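Q: Please take a close look at the salt bridges in this model. I am new to the structure, so set them in their surroundings, with each term explained as it comes up.

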Amino acid sequence: MRLFRSSEILGIAEDALQFALAASEDAHPHEYMGFLRGEDARSLGLERKGTVITDVLVIPGTESNPVSATVKTSMIPNDFNSVGSVHSHPNGVLKPSKEDLATFGKGKVHVIIGYPYGDDDWRAFDREGEPTDLDVLDVSLPEGESFFDFTQADIDAELDYDLYEDSE
């Protein structure tokens with residue numbers, strides 16, 4: 001296993017993009033913020049070297065309002081598959097702000113999604129804030145359990161358990 005990914009970002013999986021668009025719309029009128037993870041293209045059946053963005057990580061404790069989103073850095077997983085970030089601009093502006101640029105240093109690609117959160121309401125940028133092409137790829141994502149594979153019922157059950165434990 002390599003510690004650092006130096007391969008080219010080939011694109012973003014359609015499912016990952018649709019998740020980010022929906023999450024941005026759900027957060028409106030507040031900003032949405034997440035981190036992008038990628039997988040080796042060959043593991044997804046592509047016959048090219050490179051990385052495909054496959055996941056959007058939602059970081060617990062993220063606070064947002066209509067003009068910013070703040071992530072608790074202590075909650076960000078130490079993840080070698082991290083390739084960048086995604087966040088929304090509820091005002092629809094698809095350009096990075098000065099504050100955005102300050103966070104773009106980590107990762108290769110950063111996606112900004114704007115209101116009204118349709119299929120064409122997003123742009124990708126490199127770490128310097130320059131627009132970059134990011135193809136949307138129709139790939140089958142591997143199914144299986146991941147660290148973030150849980151449902152609301154799982155969360156509710158855990159909360160009920162914690163409440164039960166606290167009352168004893």
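A: By the rule used here, the count comes to three salt bridges. A salt bridge is a side-chain nitrogen of Lys or Arg within 4 Å of a carboxyl oxygen of Asp or Glu. Side chains of opposite charge can pair when their charged atoms come close.

The model is predicted, so local features need pLDDT of at least 70 and side-chain atom pairs count only at pLDDT 80 or more, while totals for chains, interfaces and linings use all residues. Residues are numbered from 1 along each chain as its sequence is written, and side-chain values use heavy atoms, with hydrogens and water left out.

Take the pair of E8 and R48, whose side chains meet in a salt bridge at 3.9 Å, N to O. This pair links distant parts of the chain: E8 is in the segment before β1 (9–13), R48 is in the loop between β2 and β3 (51–57), and the two are 40 residues apart. Helices (H or I, at least four residues) and strands (E, at least two) are DSSP runs, numbered from the N terminus. E8 is partly exposed, with a relative accessible area of 48%, and R48 is partly exposed at 46%. Here buried means under 20% relative accessible area, exposed means over 50%, and partly exposed lies in between (1.4 Å probe, protein chains only).

Another salt bridge joins D55 and R37, at 3.4 Å from N to O. It also links distant parts of the chain, with D55 in strand β3 and R37 in strand β2, 18 residues apart. D55 is partly exposed at 29% relative accessible area, whereas R37 is buried at 16%.

In the remaining pair, R42 forms a salt bridge with D40, and their closest N and O atoms are 3.0 Å apart. R42 has a relative accessible area of 48% and is partly exposed. D40 is partly exposed as well, at 24%.

The strands named so far belong to a sheet. Eight strands form an open sheet in the order β9-β8-β7-β6-β2-β3-β1-β10, with mixed pairing. Its edge strands, each pairing on one side only, are β9 (131–132) and β10 (135–137). Two strands pair if DSSP finds at least two bridges between them. β1 and β3 pair in the parallel sense over three bridges, and I9 stands opposite T51 in β3. Helix α1 packs on the sheet, touching β1, β3, β6, β7, β8 and β10, and its direction makes about 60° with that of β1. Contact means heavy atoms within 4.5 Å; axes are lines fitted to C-alpha atoms, for helices over the stretch in contact, and angles run from 0 to 180 degrees between N-to-C directions.

On its other side from β3 in the sheet order, β2 has β6 as a neighbor. Strands β2 (residues 33–40) and β6 pair in the antiparallel sense over five bridges, with L36 opposite G84 in β6. β6 (residues 82–89) is mostly covered, seven of its eight residues being buried. β6 also pairs with β7 (residues 109–114), here in the parallel sense over six bridges, and G84 stands opposite V109 in β7.

Next comes the nonpolar core. The largest one has 27 residues, and those with the most contacts inside it are L36, V52, I53, V86, V111, I113 and L134. The elements giving two or more residues to this core are β1, α1 (14–27), β3, β6, β7 and β8 (122–125); α1 gives the most, with five residues. A nonpolar core is a set of buried Ala, Val, Leu, Ile, Met, Phe, Trp, Tyr and Cys residues joined through side-chain atoms within 4.5 Å.

I53 is in strand β3 and is buried, at 0% relative accessibility. Not counting residues up to four places away in sequence, I53 touches several residues, including L36, V109, L134 and R37. R37 is the buried partner of D55 in a salt bridge. I53 and L134 are 81 residues apart in sequence and 9.7 Å apart in space, C-alpha to C-alpha.

With the same sequence neighbors left out, the contacts of V86 include M33, L36, V111 and I113. M33 lies in strand β2 and is buried at 13%. M33 and V86 are 53 residues apart in sequence and 5.8 Å apart in space, C-alpha to C-alpha.
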